[in-house]
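Me: I should like to understand how the descriptive terms applied to a protein model are justified. May I put some questions about the one shown here?

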Amino acid sequence: DNSPEFIPKCRTCRRQAREQSGEGDHHEGLSSDEELTPTEVDEFQKSRDNVLEDSRKIFEDVHADFCDIRKILLKFQEWKEKLPDSYCDAYISFCLPKLLNPLIRVQLISWNPLEQNFTELEEMPWFRAIEEFSDAENVSESK
């Protein structure tokens with residue numbers, strides 16, 4: 001029950017339980033509902049490690065030219081320069097987000113913006129490759 005009357009009763013009960021058990025590490029205003037037990041933390045870490053290990057294997061059987069965003073974009077740039085009419089007729093600008101989505105998602109699996117030493121999106125290699133490709137595309141369109 002999440003009714004307004006229920007919430008203060010729960011807080012009062014938890015506060016009384018902390019006072020009786022002598023727990024002194026609680027900070028007023030922080031919710032104990034969100035605290036994880038050491039077992040839960042270990043399970044989460046194991047699960048996270050398994051996901052990260054599996055993600056490293058996703059593209060291991062793919063040729064390097066087709067799992068590197070920069071190389072893929074270079075192929076599209078060559079296509080655009082050599083056969084601009086065909087490139088335009090294929091609506092590549094609409095296809096690229098769907099094509100690059102799985103590659104970017106794999107690279108973002110371990111990214112956590114809540115960590116202290118996280119990498120900004122703009123600093124990631126895939127972001128820079130797309131940015132360079134977009135800049136090159138805008139220059140060629142202006143010509």
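Me: Leaving aside its neighbours within four places in sequence, which residues is Phe133 in contact with?

Reply: This is a predicted model. In it, Phe133 is in contact with Leu73, Phe76, Gln77, Tyr87 and Leu96, once neighbours within four places in sequence are set aside. Contact here requires heavy atoms within 4.5 Å.

Me: Which residues touch the most other members of the largest nonpolar core?

Reply: The core has 14 residues, and those touching the most other members are Ile69, Leu73, Phe76, Leu96, Leu100 and Phe133. Helices α3, α5 and α6 each supply at least two residues of this core. The largest share, 5 residues, comes from α5.

Me: What makes Arg70 and Glu132 a salt bridge?

Reply: The rule asks for a side-chain nitrogen of Lys or Arg within 4 Å of a carboxyl oxygen of Asp or Glu. The N to O distance between Arg70 and Glu132 is 2.6 Å, so the pair qualifies. Arg70 lies in helix α3 and Glu132 in helix α6, so the pair ties together parts that are 62 residues apart in sequence.

Me: Why is the pair Arg56 and Glu53 called a salt bridge?

Reply: Their side chains meet at 3.1 Å, N to O, and the limit is 4 Å; the pair therefore satisfies the rule. Both residues belong to helix α2, where, being 3 residues apart, they are separated by about one helical turn.

Me: Why is Arg56 called exposed, and Glu53 partly exposed?

Reply: Exposed means over 50% relative accessible area, and buried means under 20%, with partly exposed in between. Arg56 has 57% relative accessibility and therefore counts as exposed. Glu53 has a relative accessible area of 38%, so this residue is partly exposed.

Me: How many salt bridges does the rule give?

Reply: The count comes to 3. One of them joins Glu123 and Arg128, whose closest N and O atoms are 2.5 Å apart.

Me: What is notable about the phi of Tyr91?

Reply: Most residues other than glycine have a negative phi. Tyr91 is not a glycine, yet its phi is positive, at about 50°. Tyr91 lies in the loop between α4 and α5. With a relative accessible area of 53%, set against the cut-off of 50%, Tyr91 is therefore exposed.

Me: Where does α5 bend, and by how much?

Reply: The bend is at Asn101 and amounts to about 40°. A proline, Pro102, follows within four residues.

Methods. Residues numbered from 1 in each chain as written. Predicted model: local features only at pLDDT ≥ 70, side-chain atom pairs only at ≥ 80, totals over all residues. Heavy atoms only, no water. Bend = angle between axes of the 7 residues up to and from the residue. Core = buried A, V, L, I, M, F, W, Y, C linked by side-chain atoms within 4.5 Å. Buried < 20%, exposed > 50% of the residue type's maximum accessible area, 1.4 Å probe, protein only.
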